[in-house]
Amino acid sequence: MDALKKEKDKHLGLRIDSELHYKLHYISQYEGRSANGEVIYLIRKAIEDFEKQHGKIEMPQE
């Protein structure tokens, strides 16, 4: 991973209950991903579904 990508990555901490934690790990193992990878996959899927219904979300200019 290059330095430029690391600058753009953001950290998001989550607190989840034990049952949700267990089920997330179960699904992620079934799908062949880490739990973190599964969460990122689900977030991307939710954004994709939202944009299909409501149009593309544009990033603000820096």
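Just after helix α2, G32 takes a positive phi of about 80°. The model is a predicted one, so read the angle in that light. Helix α2 itself covers residues 18-31. At its start, a side-chain oxygen of D17 reaches to within 3.1 Å of the backbone nitrogen of E19.

How does the length of α2 work out? At 1.5 Å a residue, its 14 residues should span 20 Å, and the end C-alpha atoms are indeed 20 Å apart, which agrees.

Staying in α2, look for Y22 and Y26, which sit four residues apart, about one turn of the helix. An α-helix has 3.6 residues a turn, so residues three or four places apart point the same way. These two tyrosines give the structure its one aromatic pair. Their ring centres are 6.3 Å apart and the planes meet at 40°; since planes between 30 and 60 degrees are neither stacked nor edge-to-face, the pair counts as tilted.

Now move on to helix α3, residues 35-54. Its axis comes within 8 Å of that of α2, and the two cross at roughly 90°, which makes α2 roughly perpendicular to α3. Where do they meet? On the α2 side you'll find L24, H25, I27, S28 and E31, and on the α3 side A35, E38 and V39. Sorted by character, the residues of this contact come out as four nonpolar, two polar and two charged.

The length check works for α3 too: at 1.5 Å a residue, 20 residues should span 28 Å, and the end C-alpha atoms are 28 Å apart, in agreement. Just past the end of α3 there's another glycine, G55, with a positive phi of about 100°.

Technical notes
Residues are numbered from 1 along each chain as its sequence is written. This is a predicted model: local features need pLDDT of at least 70, side-chain atom pairs count only at pLDDT 80 or more; totals for chains, interfaces and linings use all residues. Side-chain values use heavy atoms; hydrogens and water are left out. Axes are lines fitted to C-alpha atoms, for helices over the stretch in contact, and angles run from 0 to 180 degrees between N-to-C directions. Angles under 35 degrees count as roughly parallel, over 145 as roughly antiparallel, 65 to 115 as roughly perpendicular and the rest as oblique. Contact means heavy atoms within 4.5 Å. Ala, Val, Leu, Ile, Met, Phe, Trp, Tyr, Cys and Pro count as nonpolar, Asp, Glu, Lys and Arg as charged, and the others, Gly among them, as polar. The expected span of a helix is 1.5 Å times one less than its number of residues. A polar contact is a pair of N or O atoms within 3.5 Å; within protein, one must be able to donate a hydrogen and the other to accept it, and residues adjacent in sequence count only if both atoms are side-chain atoms. Rings of Phe, Tyr and Trp (its six-membered ring) pair if their centres lie within 6.5 Å; planes under 30 degrees apart count as stacked, over 60 as edge-to-face and the rest as tilted.
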